[in-house]
Amino acid sequence: MLSALAITPYTVTIMIRADTERYHLTAPVPWRLVGADISGVSNIVPVFIEGLTPDTTYVFTADDATVSFKTLPCAGLIDAADYGVSETEPDNASAFAVAIAAVPKGGTLRVPKGQFSSRPIFLKSDMTFWLPAGATIAAVADRTDWPILPEHDDTDRVIGTWEGLPAASFASPVTAIGCNNLAITGRGRLDGGGDRGDWWAWPKETRQGARRPRTLFLAHCTDTLLSGITVCNSPSWTVHPFRCEGLTAAALRIENPADSPNTDGFDPESCINIQMRGLHISVGDDCIAVKAGKRGTGDDTRINHVAPTRHLTIANCLMEDGHGAVVMGSEMSGDITDVEIARCEFKGTDRGLRIKTRRGRGGQVARISIHDVVMDGVGTALAVNAFYFCDADGKSDAVQSRNPAPVDDTTPLITDITVDQIHLRGVRHAAGAFLGLPEAPLRGLRLSKVTVDYDADADDGETLMACHLPRARHAGLLHRYAQIETDAALTAMLEDLMDVS
């Protein structure tokens, strides 16, 4: 089966066998684009093509099947070089601003080939930002005169955020706020510059009264498309859609060094109707981390900024080397619901599917399904943790005590998690670890058709980031304060997740 996804005036993403394959195809597939002199052989489900003609019908053929599509019209193609964007300029931010202003409604800004240093670039509605093969936007290393996003804009919208709370933040190398009908596409690279300057030297601190930037930040945007680009070397979270609705991300590559701090790959926060298809992510923290804001703690008990995340699809993706492959939370106070994870590959991540929260968060994680996923070389494959020891008080008795606490609106709930057709290979620590709260147990966890084998050379390790837990090696399905439904084969794998002093 073929499908055309993420169509712009000049690019398209085609998905080959997306309904039956994961990220890699079982055998190479030759393909051809009729109407253009373009052909190739693909080893992966997503095929990204650029250099097309606007408002033109094409036919893609592969696997003895065809799919036709029509590129979108373009109201005008603007070349950034014509407005002063140059490889010799130490900072192209001003030139990019002039070029973006010149793009007509429904038009396209094309970045020329070359590497262009810049401080943050601010995009606008109703445009396509085309970063083609051979083009790189590289954030400058020096944060002098770097713009800072305040907590709120003049309409009281939150635009500066940090780990689920409003906070002044350095603007991202590419930033879009309040944009509609925006596309960012191409085979080029967006380099966040985290490996330059000092961004990674102060991961949890502030400088100049602000938090570190993301590399691509989209706030309060609707009907956004991201396709083809590589986003790398992020100062903190890499791609961060915040309070967005209607976003498709297709055939992206997200790359950060394994030791780079808090460089999550893709973090949709308080977003609705998001599709992530054909992504390849290898980063220094969680690969995909779904967020919904968090309640403050201590003297900071704000809640009016939290909003739900719901209706997410994550399909045909490859996640490698991160802390978690697909993660819900720990910022989930606004609710995370209705998430489908299908036909993906997780390789070498510390955890596979990971749900994390703690007392004081409130909100719920509900109606999460994961099916037809292979996890290879993962530490703990399935992890649900209601005692996650984040924030300054995370290891306090109030958070970590196993005695039941009063149930109120700050009690987090986890319910209706469906796990089906999951193949676990080379598991190091545990096939699963499920730890609910005694006052609010994990409910509605359904496991079926899960196959497991273990890494014979593995050492023991942490299954969950919570206090009072034993280390494990080659464990089955560890659980406490959890209601679990399993098929007969998995019932024998259930083991008590004992607390230790």
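About 270 Å³ of space lies in the second largest pocket of this predicted model. The largest pocket has a volume of about 460 Å³. Two open sheets are described below: one of 3 strands with antiparallel pairing, and one of 7 strands with parallel pairing. Phe170, a buried residue, gets its own section.

**Pockets**

- The second largest pocket is lined by 17 residues. Closest to its centre are Thr297, Arg358, Arg359, Gly360 and Thr410.
- By class, the lining of the second largest pocket holds 4 nonpolar, 7 polar and 6 charged residues.
- The largest pocket is lined by 22 residues. Glu163, Lys204, Asn262, Tyr388 and Cys390 are the closest to its centre.
- Charged residues number 13 in the lining of the largest pocket, alongside 6 nonpolar and 3 polar ones.

**The antiparallel sheet**

- This open sheet has 3 strands, in the order 1-2-5.
- Strand 1 (2-5) and strand 5 (46-50) are the edge strands. Each pairs on one side only.
- From one strand to the next, the twist averages 25°.
- Strand 1 and strand 2 (residues 11-16) run antiparallel and are joined by 4 bridges.
- Ser3 has Met15, in strand 2, as its bridge partner.

**The parallel sheet**

- Here 7 strands form an open sheet in the order 29-32-35-37-39-41-43.
- The edges are strand 29 (288-290) and strand 43 (494-496), and each of them pairs on one side only.
- The twist in this sheet averages 15° from one strand to the next.
- Strand 35 (residues 351-356) runs parallel to strand 37 (residues 380-385), and 5 bridges join them.
- Leu353 stands opposite Leu382, which belongs to strand 37.

**Phe170**

- Phe170 sits in strand 17 (residues 169-170).
- Phe170 counts as buried because its relative accessible area is 2%, and the cut-off for buried is under 20%.
- Beyond its neighbours within four places in sequence, Phe170 is in contact with residues including Arg143, Trp146, Pro147 and Ile148. Trp199, Trp202, Arg207, Gln208 and Ala210 are also among its contacts. So are Arg211, Arg212 and Pro213.
- Phe170 and Ser401 are 231 residues apart along the chain. Their C-alpha atoms are separated by 37 Å.

Definitions and conventions:
Residues numbered from 1 in each chain as written. Predicted model: local features only at pLDDT ≥ 70, side-chain atom pairs only at ≥ 80, totals over all residues. Heavy atoms only, no water. Pairing = 2+ DSSP bridges. Axes fitted to C-alpha atoms, helices over the stretch in contact; angles between N-to-C directions. 1 Å grid on protein atoms, 1.4 Å probe; cavity = no way out; pocket = protein on both sides within 12 Å on 5 of 7 lines; lining within 4 Å. Points joined across faces, edges and corners; volume = space filled by probe spheres on them. Nonpolar A, V, L, I, M, F, W, Y, C, P; charged D, E, K, R; others polar. Buried < 20%, exposed > 50% of the residue type's maximum accessible area, 1.4 Å probe, protein only. Contact = heavy atoms within 4.5 Å.
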